[in-house]
Amino acid sequence: MATNTYDIIISGSGIAGLSLLYRAMKADLWVGKRIVVVDNNLKQQNDKTISFWKKKATAFDHIIHSSWTDISFYSNPGEKIKLDAGPYTYHSIRSIDFYHECLTYLKQFPNITFLQAVIRSVSSDGAQCIMETDKVRLTSRYLFNSIYTTPELRAGDQYFLQHFKGLKIKIDKPIIPVNEAYLMDYRTSQEHGTTFFYTLPLAENELFVEYTIFSKTLLQPHQYDEKISRYLHEVLNIDAYEILEEEFGVIPMTNHQFVRKNGNVMNIGSIGGDTRASTGYTFMNVQKVIDQILRTYKTKGHPFFADEPIGIKESLYDSTLLNVLDSKSYEGHQLFTDLFQGTKAKYVFAFLDAESNILNDFRIMKSLRTFPFLKAFLKSLARR
Ligand SMILES: Cc1cc2nc3c(=O)[nH]c(=O)nc-3n(C[C@H](O)[C@H](O)[C@H](O)COP(=O)(O)OP(=O)(O)OC[C@H]3O[C@@H](n4cnc5c(N)ncnc54)[C@H](O)[C@@H]3O)c2cc1C
């Protein structure tokens, strides 16, 4: 098999791989470098709605599809909590717009090659990186890898799945004001685990509803559909609707410690540990990792940064939450209700963004039942 040599290999052109290369090229960081982007998928489908809260500008603000200034929460018995998000607003990007924006921009550069191939392995023998594909062998100085494989779990690792089915539907009349997002709507049965709807009005007559579960096993496809249909009819009182788009996803929620660096291979995205274990949110963590990579490359000439955006403290708290959910000593819907009833959302968002101080951490802990958390915290601590 032929071997082609590059300066940089981008392994996987999903959210992390494309964000990195797009932002590096926008920053004129890799001018003239020989770069290859490898993926077996041409990224021409709208396969996910990427949502996030933010209080500052991002590199992708110009492709935001929908934004919400008001964020609400519903408890399982139906109490509505209007969240005080402070400076944070909530936003969604359609993945097709993201892929299109990145690929259109990157394809202008003669020093970037796109290779459609199945990646079989990536490795590093120290200074050199090696990628084996079904078509060709590639080597490079640096390799950024975002190919997710389920990790080999250690004793004490929790591995929850956040699995969800989302529908974009057309409705006759507005149901929720277009500036209001339901971040978590627990008005659904909790029989399969921590279960909520995530409901976003996209326009006066368009709604995105996602049935989401935190549990260890998936449901049968028809079960997601049945629950969505019940929610639309019985909770939102929508009698007639037309399905415009569908999405299904599974995001790992784990306290497994992912490896960032292996020789000159740098793992980014979910395989780099950038998915927040307590929520599944990834997009903004990926952007923070890229901030670090670009800063380090600019100042030191290599991408290997020291400070992880999701630090030891955050990992410990996330691990504690997963252990609490696993122990079933505190029902997930009750835990999140207590959290959002007892703490302003702006503090929760700061905490989830790893921008929390001791006072903020204390506010959050005070809103939750102590005993299940204490036990789970000690379990998480013992595992480290
Ligand atoms: C449906 C869905 C909705 C989500 N919504 C949100 C959200 O709202 N907010 C949020 O923060 N996070 C969200 N996430 C979580 C996270 O942001 C995404 O999973 C994100 O895509 C992770 O980025 P990544 O680059 O790690 O992986 P990906 O974007 O999946 O990129 C990996 C790439 O590798 C390619 N690939 C994989 N295996 C091979 C192989 N063997 N050979 C060649 N190519 C390969 C894939 O085709 C893909 O393009 C969502 C996830 C899903 C699945």
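Two strands count as paired if DSSP finds at least two bridges between them; strands (E, at least two residues) and helices (H or I, at least four) are DSSP runs, numbered from the N terminus. The model is predicted, so local features need pLDDT of at least 70 and side-chain atom pairs count only at pLDDT 80 or more, while totals for chains, interfaces and linings use all residues. Residues are numbered from 1 along each chain as its sequence is written, and side-chain values use heavy atoms, with hydrogens and water left out.

**The seven-stranded sheet**

Begin by selecting the open sheet whose seven strands follow the order 6-5-13-14-15-12-16, with mixed pairing. Strand 6 (80–83) and strand 16 have a single partner strand each, so one side of each is left without a neighbour in the sheet. On average, neighbouring strands here are turned by 20 degrees against each other, direction ignored; the angles are taken between axes, which are lines fitted to C-alpha atoms.

Within this sheet, display strand 14 (residues 194–203) and strand 15 (residues 206–215), which run antiparallel and are joined by nine bridges. Thr-194 can be found opposite Phe-214 of strand 15.

**The three-stranded sheet**

Next, select the open antiparallel sheet with the order 3-7-4. Its edges are strand 3 and strand 4 (66–68), each of which pairs on one side only. The antiparallel pairing of strand 3 with strand 7 (residues 89–94) extends over six bridges, and Phe-52 faces His-91 of strand 7.

**The ligand and its shell**

Now select the ligand and the residues near it (those with a heavy atom within 4 Å). There are 30 surrounding residues, and Ala-16, Asp-39, Lys-43, Ser-51 and Thr-282 are the closest. By class, the shell comprises 12 nonpolar, 13 polar and five charged residues; Gly is counted as polar, and the charged class is Asp, Glu, Lys and Arg.

Which strand gives the most to this shell? Strand 16 does, with four residues. Helix 1 (15–26) and strand 3 (49–54) each supply at least two.

For polar contacts (pairs of N or O atoms within 3.5 Å), inspect three backbone positions. A polar backbone atom of Ile-119 is 2.8 Å from a ligand nitrogen, and one of Thr-49 is 3.1 Å from a ligand oxygen. At Thr-282, a backbone N or O atom lies 2.7 Å from an oxygen of the ligand. The protein buries 84% of the 970 Å² that the ligand exposes when taken alone, by the Shrake-Rupley method with a 1.4 Å probe.

Finally, colour by domain, using bounds from an automatic or database assignment. The ligand lies between domain 1 (3–42 + 93–154 + 256–300) and domain 2 (159–253), because both give residues to its shell.

Terms used. A polar contact is a pair of N or O atoms within 3.5 Å; within protein, one must be able to donate a hydrogen and the other to accept it, and residues adjacent in sequence count only if both atoms are side-chain atoms. Axes are lines fitted to C-alpha atoms, for helices over the stretch in contact, and angles run from 0 to 180 degrees between N-to-C directions.
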